[in-house]
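Visitor: I would like to go through this entry with you, beginning at the ligand and then moving on to the charged pairs.

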Amino acid sequence: MSLPPRAYPRVIIVGGGLGGLMLAILLDKMGVPYHIFERAPKVKPLGALMSLNGNILALFDQLGMLEDIMKVSLVSLNSSLYTEKLEKITEIDVRSHYEYTGYKFLMFPRPDLFTILLNRIPPDRISFGKRVLLTKRQSSGVQIVCSDNTCYEGDIIVGADGAYSAVRHNMFREMREQQEQEVLYSGGSSIVIPPSDTKDFEIPYLCMVGVTKSMDPDKYPVLRHPNTQLHHIIGESTPYSVKDQAEAKEQRFMNSEWGPEANEKLIEIVHDFPVTFGGKLGEIIDSTPKNGISKVMLEEKLFETWYHGSIVLIGDGAMSAMQDAVILANCIYDLENLRPESLTAAFRDYKEQRYTHAKRQIFNSRLNAKLSSGQTRTERLVRHVVLNLLPRSIQNKQFSKDAAYRPQCTFLPRVPDKGTISSLPQKPSRRYQAELRAAAAAAASVDETRRDSKLDLYCASSMRSDACLVPKRG
Ligand SMILES: Cc1cc2nc3c(=O)[nH]c(=O)nc-3n(C[C@H](O)[C@H](O)[C@H](O)COP(=O)(O)OP(=O)(O)OC[C@H]3O[C@@H](n4cnc5c(N)ncnc54)[C@H](O)[C@@H]3O)c2cc1C
């Protein structure tokens, strides 16, 4: 039985964030050559609280990484919203997620997830201090040019370099150049960059994030709690909101923040804000190593252009970046050759499989941000209606719909569903299915040979008996 041909493109991954690292792990599994180029000079444990749920934990399970992430996590059962006077507004219950997907709602410090992923990448497959400035088309593939004037060649460039992606910027430049040439030579062009793709991001929220050093559980008794305690404090008289997370297991305390010097002003403003766990916000910020404080812009935008030529983009958003990675890896596994039409077909397939889910995730993320941090009159009203008046059955219906999307690698054995809600069917890998059929056929032919040889033995032994019997009969 002949297998569909398989291509092994040299993949250049720009950006060693969560999406880039996850893609690298998957390419490693399928034996595709790759290299990650990350602009940061070294690994910096930045960020604060992150959460993952069944929508991505099924993949971690399939990759044998579930235990690793569970070790650094606490389970979240709910999150609570408070006014700035620390009066409880409401509580959001996420327990049904476990029932639906079979995976708990996990919360952990972002640096820990980063380390888990990075530990799976052979050190010679990632280069730090490589800021990619340019991408170029070559006759033999594609090339990146870094700020230190080094160049590297490959067959595919994956832009996993975050919201302000240099790869995306270069891709649009290439598209414009090609567009101009086509217009010049044939009077028209098939290349279209939707205007929305070139508009600036709206930045609804700007966050200071960080992880404190170990805190005293006598001062913060909430640290003894076996589950994550996630509290949002929504400003009324100020434009600031606070999200506190207590991690009893490692006695770490999450808080909001900025970058060291530039943050001083904001730190001064929020210093005396009271927090639900006791004391002032300033005390928590003071317990956070200054070099571990960073500024994160929570941009939200769905681009329409996901690929062009040999360039394809993944991310942003932790869960969606990793879901992008797994679907792109699945499509790369089915690549038959490195011709431009094959690359385009694979990238188109990737976008088709991801687009509606990515759109929905952005909608949900916007809604969640408004529910947990929104301060306008309308946002307060929406929060009240959704969290207090909307019947639980409608909320659960929504939860269950979202819980069904749990993509896995289609080139590896699938982890069976664990929850009460079946996962959405995925497009099977043509190649992996053919491999399974070939393996089954090979196993059957081995069985056949064994059966034949057993038959031969049986015949031989029967003949021997016969041979034996004949003389007796005779
Ligand atoms: C410092 C930081 C802290 C964060 N903290 C939190 C948090 O506490 N909670 C939370 O929920 N989310 C946080 N996020 C956001 C969350 O991690 C991202 O949404 C998610 O990781 C998306 O992953 P990504 O791989 O698409 O992009 P990113 O995580 O943004 O990774 C992009 C990577 O590309 C690199 N890069 C960018 N440009 C270039 C270039 N030209 N050449 C080479 N490399 C380049 C960047 O240095 C970065 O490592 C944080 C993100 C960052 C960057």
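Visitor: How far is the polar backbone atom of L18 from an oxygen atom of the ligand?
Guide: The model is a predicted one, and the distance is computed from its atoms. A polar contact requires a pair of N or O atoms within 3.5 Å, and the polar backbone atom of L18 is paired with a ligand oxygen atom at 3.3 Å.

Visitor: Which residue places a polar side-chain atom 2.6 Å from an oxygen atom of the ligand?
Guide: Two further residues can be considered here. R39 uses a backbone N or O atom, which lies 3.1 Å from a nitrogen atom of the ligand, whereas the residue that reaches a ligand oxygen atom with a polar side-chain atom at 2.6 Å is E38.

Visitor: How much of the ligand's area does the protein bury?
Guide: The shell around the ligand divides into 14 nonpolar, eight polar and seven charged residues, and α1 (18–30), β3 (49–52) and α10 (318–333) each contribute at least two residues to that shell. Taken alone, the ligand exposes 930 Å², and the share of this area that the protein buries is 82%.

Visitor: Is D155, the salt-bridge partner of R10, buried or exposed?
Guide: R10 and D155 form a salt bridge with their closest N and O atoms 3.0 Å apart, and the pair links distant parts of the chain, 145 residues apart. R10 is partly exposed, with a relative accessible area of 34%. Buried means under 20% relative accessible area, so D155, at 11%, counts as buried.

How values were computed
Residues numbered from 1 in each chain as written. Predicted model: local features only at pLDDT ≥ 70, side-chain atom pairs only at ≥ 80, totals over all residues. Heavy atoms only, no water. Polar contact = N/O pair within 3.5 Å; in protein donor to acceptor, adjacent residues only side chain to side chain. Areas by Shrake-Rupley, 256 points an atom, 1.4 Å probe, with all protein chains shown as cover. Helix = DSSP H or I, 4+ residues; strand = E, 2+ residues; numbered from the N terminus. Nonpolar A, V, L, I, M, F, W, Y, C, P; charged D, E, K, R; others polar. Salt bridge = Lys/Arg side-chain N within 4 Å of Asp/Glu carboxyl O. Buried < 20%, exposed > 50% of the residue type's maximum accessible area, 1.4 Å probe, protein only.
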